[in-house]
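Q: Please take a close look at one part of this chain, starting from a single residue and working outward to the rest of the model. I would like one connected account.

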Amino acid sequence: MRSGKTFGWIIALFLVLITAIVGFNARAIARERASALVINVAARQRALAERYIKDVLLKVDGLQADPEEDATQLLETAIALLHGGEVQAVQGADATITIHPVQGDWKITAKLQQERSLISKLLEAGNSLLASDRGSPAFDQQLMQLRIIGAQVSSITSDAVGEMTKRIESSLWRLVWVSVALGLVGALAAIGMALLVKRIAAQQAIQFRSLVHNASDLITVLDKDGRVQYQSASVEQVLGVPASDLVGANLTEWIHPDDLATVTQAVDSLLQHQNSVARIEYRLRREGGAWRHVESAMSNLMLDPTVKGIVLNTRDMTERHASEEKLRVLQAERSSLLEQTVQATELERKRVAAELHDGPVQHLTAFDVKLESLRDRVARADSRGAESLVDQLQGQIRNEVGDLRKMMIELRPPMLDERGLPAALSEHLASIERDAHLACSLECDLSGRLDPAHEVILYRVAQEAMTNVIKHARATRAWVSIHEIDGRVELRVRDDGVGFDPAAISVSPMNGHFGLLAMRERVEMAGGTWHVTSGQADGTIIGAELPKGTRAS
Ligand SMILES: Nc1ncnc2c1ncn2[C@@H]1O[C@H](COP(=O)(O)OP(=O)(O)O)[C@@H](O)[C@H]1O
Ligand SMILES: [Mg+2]
């Protein structure tokens, strides 16, 4: 942009200089042409003076002649030479020319003044000769006088013409030197301009090259066989090899074998159509073997004499590709989780229904039978064994109430709402210790109640983690802790069991095991973080961290 402006200025300056030189030359030549004309007119005075004398003599002899006309022309010319004006052209009698007075040279002016007064004298002498007779005694004397003045006019005219010639000669020489000097200046200016233009062009080339080199996109030029003719330096960031490694090599060496056909096909069809453009995605091998996902815009510039190749503008899409892939997996996980949630709800209902059917409903049916027999006895006023039957029934009803309460707690521990997370967890762990024979400990340093939604999330995470410990870990001990750190709440569930490989689980989350995934989802959806650490000898740690939202009271 800046160099373009400079370039414009240089061209303008050069044009002004050349115009000035040409203008000066034209003006100088025109001036000298006018000087030549003046010399010509001045030189004619001599011939005119001689013709005048001859015509006077002819007229004296009574022959046909017109000295008056000669006299007029002589005088007019002498005045014009001194002061400028119109005179008859030398070439033809009809045409007139304008001449400018000779200025700036006192010698010439003096001679012309002298010539002018001599001409006046000549005309006086001519007139008096014309007035006298050939036979008069003064005639010879007057004729002599006329000839002498004529000779004087001739000589002074020659002198003036000589001076003028000298002057014009020296000014012509001056003009030659000035022209040579101006020519030199013009040539120097042309050379200077050429150098400047060359420098600007070189600067622009450097600028362009550095733009191409530093662009994050790769610029590649291929010949028709796919050999790299040019490669921009940015390839080093993408492929880890210097551009020089690619130049001369075939690009196919870097292309993923599975993508080779696509690329070759695209190049082939591009070559069939001049100036066509294609866009393809493929993979390139990075130094070390990793694959980079790239997208190339390819243009066929085979006919462009400055390129003569296929130009590839390639962009590294690996990061975008990876995030797209991650998003795809995440979306699949989400939708399968939703499905799983629906299924789990149904399953849970079925389980509750089955449990109600197998437990309370069966037991209540049995009570009904027992109450029936009790009623019979009461009707028959047979009180034998009635007391023990009532005791038995009471005991069984108490058990039943206990079972129902347990079921209720499992569905939604009332303790969680009533007394908060630590109390609910403590109750849950106590029941595990009782039923699963697993030593559990709870450590807790919460300063107050948490946000109810967060309490439920952390409770469910601990519950699922503990279920996994019972189901999979073959552990003897489990530790649950809840701590507050920098405004966040951290839950940890640790066991001393067999451990597992979390990487293997996260790779295939869709194989029916949704416990871990659901834990993570719940926590992350609430703006928290979740992690699992597990090794074969060290057991498993599940960690969940949530921002500490406090309970709105
Ligand atoms: N505490 C643990 N100790 C050992 N293995 C575990 C533990 N927790 C989870 N696992 C392993 O991770 C798998 C996935 O767990 P999860 O997603 O809860 O599904 P599920 O419990 O239905 O199998 C389990 O099948 C088990 O192999
Ligand atoms: Mg599980």
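**Glutamate 333 and its surroundings**

A: Glutamate 333 sits in helix 8, which covers residues 318-379. The model is a predicted one. Glutamate 333 counts as partly exposed because 18 other C-beta atoms lie within 10 Å, and the class runs between the limits of 12 or fewer for exposed and 20 or more for buried. Glutamate 236 is 97 residues from glutamate 333 along the chain, and their C-alpha atoms are separated by 37 Å.

Helix 8 is followed by a loop that leads to helix 9 (386-411), and alanine 381 is found in that loop. The phi of alanine 381 is positive, about 55 degrees, although the residue is not a glycine. Most residues other than glycine have a negative phi. Alanine 381 is exposed, because 6 other C-beta atoms lie within 10 Å.

Histidine 437 also has a positive phi of about 55 degrees and is not a glycine. This histidine is placed in the loop between helix 11 (421-436) and strand 8 (439-444). Histidine 437 counts as exposed, because its C-beta neighbours inside 10 Å number 9.

For the wider setting, the domain assignment divides the chain into domain 1 (2-199), domain 2 (216-316), domain 3 (322-411) and domain 4 (413-553). Between the C-alpha centres of domain 1 and domain 4 there are 122 Å.

The largest nonpolar core has 30 residues, and Tyr52, Leu81, Ile119, Leu122, Val153, Ala160 and Met164 have the most contacts inside it. At least two residues of this core come from each of helix 1 (2-60), helix 2 (67-83), helix 3 (106-131) and helix 4 (139-214). Helix 3 gives the most, with 8 residues. A second, separate core has 27 residues, among them Leu416, Val461, Ile542 and Ala544. In soluble globular proteins, nonpolar side chains tend to be buried together. Leaving aside residues up to four places away in sequence, leucine 122 touches Ala49, Tyr52, Ile149, Gly150 and Val153.

Helix 4 also holds serine 210. Serine 210 is exposed, because 11 other C-beta atoms lie within 10 Å. From serine 210 to serine 232 there are 22 residues in sequence and 9.4 Å in space, C-alpha to C-alpha.

Turning to the strands, strand 5 (residues 277-285) and strand 6 (residues 291-301) pair in the antiparallel sense over 9 bridges. Isoleucine 280 has serine 296 of strand 6 as its bridge partner. The hairpin of strand 5 and strand 6 has 5 residues between the strands, and glycine 288 takes a positive phi near 110 degrees there.

The last part is the ligand shell. Around ligand 1 there are 16 residues, of which Asn468, Ala473, His513, Gly515 and Leu516 come nearest. Helix 12 (452-473) and helix 14 (515-525) are the elements that give two or more residues to this shell. Helix 12 gives the most, with 5 residues. Sorted by class, the shell around ligand 1 contains 7 nonpolar, 7 polar and 2 charged residues.

To return to the starting point, glutamate 333 belongs to helix 8 and is partly exposed, whereas alanine 381, in the loop between helix 8 and helix 9, is exposed.

Notes. Residues are numbered from 1 along each chain as its sequence is written. Chains are lettered from A and ligands numbered from 1 in the order in which they are written. This is a predicted model: local features need pLDDT of at least 70, side-chain atom pairs count only at pLDDT 80 or more; totals for chains, interfaces and linings use all residues. Domain bounds come from an automatic or database domain assignment. A residue is near a molecule or strand if its C-beta atom, placed from the backbone, lies within 6 Å of it. Helices (H or I, at least four residues) and strands (E, at least two) are DSSP runs, numbered from the N terminus. Ala, Val, Leu, Ile, Met, Phe, Trp, Tyr, Cys and Pro count as nonpolar, Asp, Glu, Lys and Arg as charged, and the others, Gly among them, as polar. A nonpolar core is a set of buried Ala, Val, Leu, Ile, Met, Phe, Trp, Tyr and Cys residues joined through C-beta atoms within 7 Å. Two residues are in contact if their C-beta atoms, placed from the backbone, lie within 7 Å. Two strands pair if DSSP finds at least two bridges between them.
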